[in-house]
Amino acid sequence: MAFPAGFGWGAATSAYQVEGGWDADGKGPSVWDTFTHQGRERVFKNQTGDVACGSYTLWEEDLKCIKQLGLTHYRFSLSWSRLLPDGTTGFINQKGIDYYNKIIDDLLKNRVIPIVTLFHFDLPQALEDQGGWLSETIIESFDNYARFCFSTFGDRVKQWITINEPNIFSLLAYEFGIFPPGVPHPGTKGYQAAHNLIKAHARSWHSYDSLFRKEQKGKVSLAIFAGWVEPADPNSVSDQEAAKRAMAFQLDFFAKPIFIDGDYPEVVKSQIALMSKKQGYPSSRLPEFTEEEKRMIKGTADFFAVQYYTTRLVKYQENEKGELGFLQDAEVEVFPDPSWISLKWVYVVPWGIRKLLKYIKDTYNNPVIYITENGFPQGDPASFDDTQRWEYFRQTFQELFKAIQLDKVNLQVYCAWSLLDNFEWCQGYSSRFGLFHVDFEDPARPRVPYTSAKEYAKIIRNNGLEGPL
């Protein structure tokens, strides 16, 4: 089962989750520094990313892991506040530039292609204090930061992700208040943040396109989280429609404006407008793009980056009481099939990734697709011999192979989440997604390969799986 020649095999990390060095060498505080230092049981056992995997001082150890796997691609994110401590180019932290220059140069020396994410949830606290993603001023702040990164690193970085999982981020930060700033606003602020995230992405894509593309010849996109969904009752028309709405609210909400026509899906607009009217709002709670903004947003991606972990069943759930909320607007109930194996929150459904890829191909005019995250957490206790977890990876690769060969999906890169066990946001260090085990009790933070890492290295070496489909 050989994958196409030149297929990209990668692994991913993000700055706050692995770097540590939270206040080292002039770095400014991010919202996650503030959030985790408040000690309000918002994170498992009040854990923080102050040290995490120590990658700020242990990059050489990470590089050894990358070489051991034989990766062709490595996706990592830049810490905005390590480069620009107050979020603006008013003060530039040279130590931050030096750190990322070394990572990029070392990767290229080892023939590994860097995929660099500009924003992976860790907004500089100084910008949050000015309203963060709820303020329109963030669009210019992000664009200035993106231009700074393109001009500083773009001579060597050719693959950029502007924003990681804007759909998940806007929900967790502003709808549910699970992420910083930690205040829930059901049915309102999540849409406001999403609106600004889309415009910030589009502005930065245009900056790259007009100022840097000709010379640097790179590509820019954003990474959208997407699970797959199936109607709970395949014979129920209302469940079938609910499944379509679930995809529209989850994936198409961000993908349609950027890849198709600059505007939200009709079903999203009509559902939120209808609910808003029922609730006595003078207009829809979903902000509207102007015609000029639609023109700016349309077509602002050079490839389709998607992140898949799991699949769910969906059924129609009428919002009888007119409750405020994202799921209430979509009128869906989402849940797993009880027969599916679960690892923490991930229900293991490898065939879901193939269906998702086919959906993207059919809906978005057969784009080049990168899977920028996909993975499975360890069961408890974490075992170095994670053969069960590897079996799920193996089944996933079989489904990717079918998607490429049988469905003719234009998949070009796959990145496993994650290179290392790391700080998994609100789950702290209790959830281990790494190909390499990290001992968080040991100050040296040793990295030891799981069976998954050894098996993944074989897949990369062979550019695929052994045996027939």
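This briefing walks through an enclosed strand, some aromatic pairs and two charge-over-ring contacts. The model is predicted, so please read the details below in that light. Strand S4 (residues 159–164) is a good place to begin: six of its six residues are buried, so S4 is largely enclosed by the rest of the structure. Aromatic pairs are the next stop, with 65 of them in the structure.

**Strand S4 and its partners**
- Strand S3 (residues 113–119) runs parallel to S4, and four bridges join the two.
- Within that pairing, Val 116 has Trp 160 of S4 as its bridge partner.
- S4 also pairs with strand S5 (residues 219–225), again in the parallel sense and over four bridges.
- Here Asn 164 stands opposite Ala 223 in S5.

**Aromatic pairs**
- Of the 65 aromatic pairs, one is formed by Trp 9 and Tyr 456, which meet edge-to-face at 6.2 Å centre to centre with 75° between the planes.
- This pair links distant parts of the chain, 447 residues apart: Trp 9 belongs to strand S1 (residues 8–12) and Tyr 456 to helix H16 (residues 451–462).
- Trp 9 is buried, at 1% relative accessible area, and Tyr 456 counts as buried at 1% relative accessibility.
- Tyr 429 and Phe 440 form a tilted pair, 4.3 Å centre to centre and with 40° between the planes.
- Tyr 429 sits in the loop between strands S13 and S14 and Phe 440 in the loop between S14 and S15, so the pair ties together parts eleven residues apart in sequence.
- Tyr 429 counts as buried at 15% relative accessibility, as does Phe 440 at 13%.

**Charges over rings**
- Arg 82 lies over the face of Tyr 99, 5.9 Å from the ring centre.
- Arg 389 places its charged end over the ring of Tyr 450, 5.1 Å from the centre.

How values were computed:
Residues numbered from 1 in each chain as written. Predicted model: local features only at pLDDT ≥ 70, side-chain atom pairs only at ≥ 80, totals over all residues. Heavy atoms only, no water. Buried < 20%, exposed > 50% of the residue type's maximum accessible area, 1.4 Å probe, protein only. Pairing = 2+ DSSP bridges. Phe/Tyr/Trp six-rings, centres within 6.5 Å; stacked < 30°, edge-to-face > 60°. Lys NZ or Arg CZ within 6 Å of the ring centre and 35° of its normal.
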